[in-house]
Amino acid sequence: MIQTRPLPVSPDQQLRNIGWNWMLGTDTLAYLTNEVVVVKPAEADAYYEAANQLFDMLVEAGQHVIDTNRFSELGIPANLVDLIKLSWSDDRHIQLYGRFDLAGGIAGQPIKLIEFNADTATCIPETAVVQYAHLLANGLDEERQFNSVYETLVGQFRDILLQNEDLQPTLLLSALRGFPEDDSNVAVLGEAAREAGFTVEFEYIDKVEFSVDEGVFKQNPQTGHFDKFDFWFKLIPWEYIGEEESDLAHILTEAVRRRQVVVLNPAYSLLFQSKYILKILWELYPYHPLLLQTETRPLTDRPYVEKVLFGREGANVRILDEQGRVTAEAEGEYGDYPKIYQEYVDLPTDAAGKRYQAGVFYAGESCGLGYRRGGVILDNGAQFVGHVVE
């Protein structure tokens, strides 16, 4: 059973003290609980090792997809295949970060991969900053947490600059309008990029200008001129660009090919984002202790989870028993995507019966742990719960 420890003092004042008061008043703090999960040092180490190993396995799986031309099985739009291959074969295109969602790892339960949020992973402010400030606010040592997300992101941005010295260190961050959570995630990334040496600006996607020959631009409100950015981070799913913005998919392919822009995360992150990669992993590493059996047909001998290839925040997920009867389901807008079927595994629970799913960030290496807490299917109403290592 999950053990939690109360931390009654809010992190508000600590966030102000460390200069992150801009985060106050956003959606982030509302989801933070006044308690943390107690994690043993060996459990924290196991999460670290698991995410590192899983990312190496994903790279092998991605190479397999490219070598055997299985893009359509993954549901990847054909107009993004060239850009995926281009970014994959060029080491200058670095996966900035992603987040592994894991079952188990605590209370004696083995760690199992649920999925990897490779393209537009959120929960960065909660994991990187808020849970850290929560420890400080309650007089606990910051070292008592598996959390170097912010520092590791700074390191990743520095590596990206070193690998792309032919480009200017100008970064434009973009998100869709109307999603405050996305804005706060992008803001943390912007702080890390500035510390790494980038000049950073933000613009919503509908105001960004794109050119095949010249790359990515934002209009300067002071001068009216359009400023060019050699790096573009988008908290906008690649599959959305491929499916809904085919002209943009073409422009970005050619602009990347001509070294007019580097896009973060690179297009190849779509290989990892498609939940079909879970089936590829099972093919390549059958019965691996970190994996759950995943197939294209329902499992008949055990409970299983039905997932769409591209879904977010628990939408369109169904849990079924071994007879195929639905025991839980969530509505959503992704129901037209093909489905995969993954072995069901119980999440660890606390004394109140609430379930906990671990999220481990990966930015070149494993770098931070946090938990989402909720019901049988974790949706966008799930709470974020920090942790303390002791």
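The exercises below, each with a worked solution, concern a predicted model of a protein chain.

**Exercise 1. Domains**

Determine which residue ranges form domain 1 and domain 2, and state how far apart the C-alpha centres of the two domains lie.

*Solution.* Begin with the domain assignment of the chain: domain 1 is made of 4–275 + 346–389, and domain 2 covers 293–343. Next, take the C-alpha centres of domain 1 and domain 2, which are separated by 25 Å. Finally, consider the contact between them: domain 1 contributes 21 residues and domain 2 contributes 16 residues.

**Exercise 2. The crossing of α5 and α6**

Classify the packing of helix α5 (residues 149–163) against helix α6 (residues 180–196) by angle and by handedness, and describe the contact.

*Solution.* Two packed helices are described by the angle between their axes and the distance between the axes. For the pair α5 and α6, the axes come within 8 Å and cross at roughly 55°. Angles under 35 degrees count as roughly parallel and those from 65 to 115 as roughly perpendicular; α5 is therefore oblique to α6. The handedness follows as a separate step: α5 passes α6 in a right-handed crossing.

The contact is then listed helix by helix. From α5 come Y150, L153, V154, F157, R158 and L161. From α6 come V188, L189, E191, A192, A193, E195 and A196. Sorted by class, the residues of this contact comprise ten nonpolar, no polar and three charged.

**Exercise 3. The packing of α3 and α8**

Carry out the corresponding analysis for helix α3 (residues 81–88) and helix α8 (residues 246–257).

*Solution.* The axes of α3 and α8 are 9 Å apart, and the angle between the helices is about 25°. With the limit for roughly parallel set at angles under 35 degrees, α3 and α8 are therefore roughly parallel to each other. The crossing in which α3 passes α8 is left-handed. On the α3 side, the contact is made by D82, L83 and L86, and on the α8 side by L252, T253, V256 and R257. These residues divide into four nonpolar, one polar and two charged.

**Exercise 4. The parallel sheet and its helix**

Establish the strand order of the open sheet of four strands, identify its edge strands, and locate α6 relative to the sheet.

*Solution.* The order is β6-β5-β10-β11, and the pairing is parallel. At the edges stand β6 (199–202) and β11, each of which pairs on one side only. Neighbouring strands are turned against each other by 20° on average, direction ignored. As one example of the pairing, strand β10 (residues 231–234) is joined to β11 by three bridges, with F231 opposite V262 in β11. Helix α6 packs on this sheet, where it touches β5 (170–174), β6 and β10. The direction of α6 makes about 165° with that of β6.

**Exercise 5. The antiparallel sheet and a hairpin**

Describe the open sheet of five strands, and then the pairing of β8 with β9.

*Solution.* The sheet of five strands has antiparallel pairing and the order β12-β16-β13-β14-β15. Its edge strands, each paired on one side only, are β12 (294–295) and β15 (326–329). Within the sheet, strand β13 (residues 304–308) and strand β16 (residues 339–343) run antiparallel and are joined by five bridges. One register point is given by V308, whose bridge partner in β16 is K339.

Turning to the hairpin, strand β8 (residues 215–219) pairs with strand β9 (residues 226–229) in the antiparallel sense over four bridges. V216 stands opposite F229 in β9. Six residues lie between β8 and β9, and G224 in the turn has a positive phi of about 85°.

**Exercise 6. Loop residues**

Locate C123, N265 and Q260, and state what the model shows at each.

*Solution.* C123 belongs to the loop between β4 (112–117) and α4 (124–137). Although C123 is not a glycine, its phi is positive, at about 75°.

N265 lies in the loop between β11 (262–264) and α9 (269–273). The peptide bond from L264 to N265 is cis, with omega near -15°.

Q260 is placed in the loop between α8 and β11. Apart from its neighbours within four places in sequence, Q260 is in contact with D213, E214, G215, K228, F229, D230 and A255. From N34, Q260 is 226 residues away in sequence and 46 Å away in space, C-alpha to C-alpha.

Technical notes
Residues numbered from 1 in each chain as written. Predicted model: local features only at pLDDT ≥ 70, side-chain atom pairs only at ≥ 80, totals over all residues. Heavy atoms only, no water. Axes fitted to C-alpha atoms, helices over the stretch in contact; angles between N-to-C directions. Helix = DSSP H or I, 4+ residues; strand = E, 2+ residues; numbered from the N terminus. Parallel < 35°, antiparallel > 145°, perpendicular 65-115°, else oblique. Left-handed = near helix turned anticlockwise from the far one by under 90°. Contact = heavy atoms within 4.5 Å. Nonpolar A, V, L, I, M, F, W, Y, C, P; charged D, E, K, R; others polar. Pairing = 2+ DSSP bridges. Domains from an automatic or database assignment.
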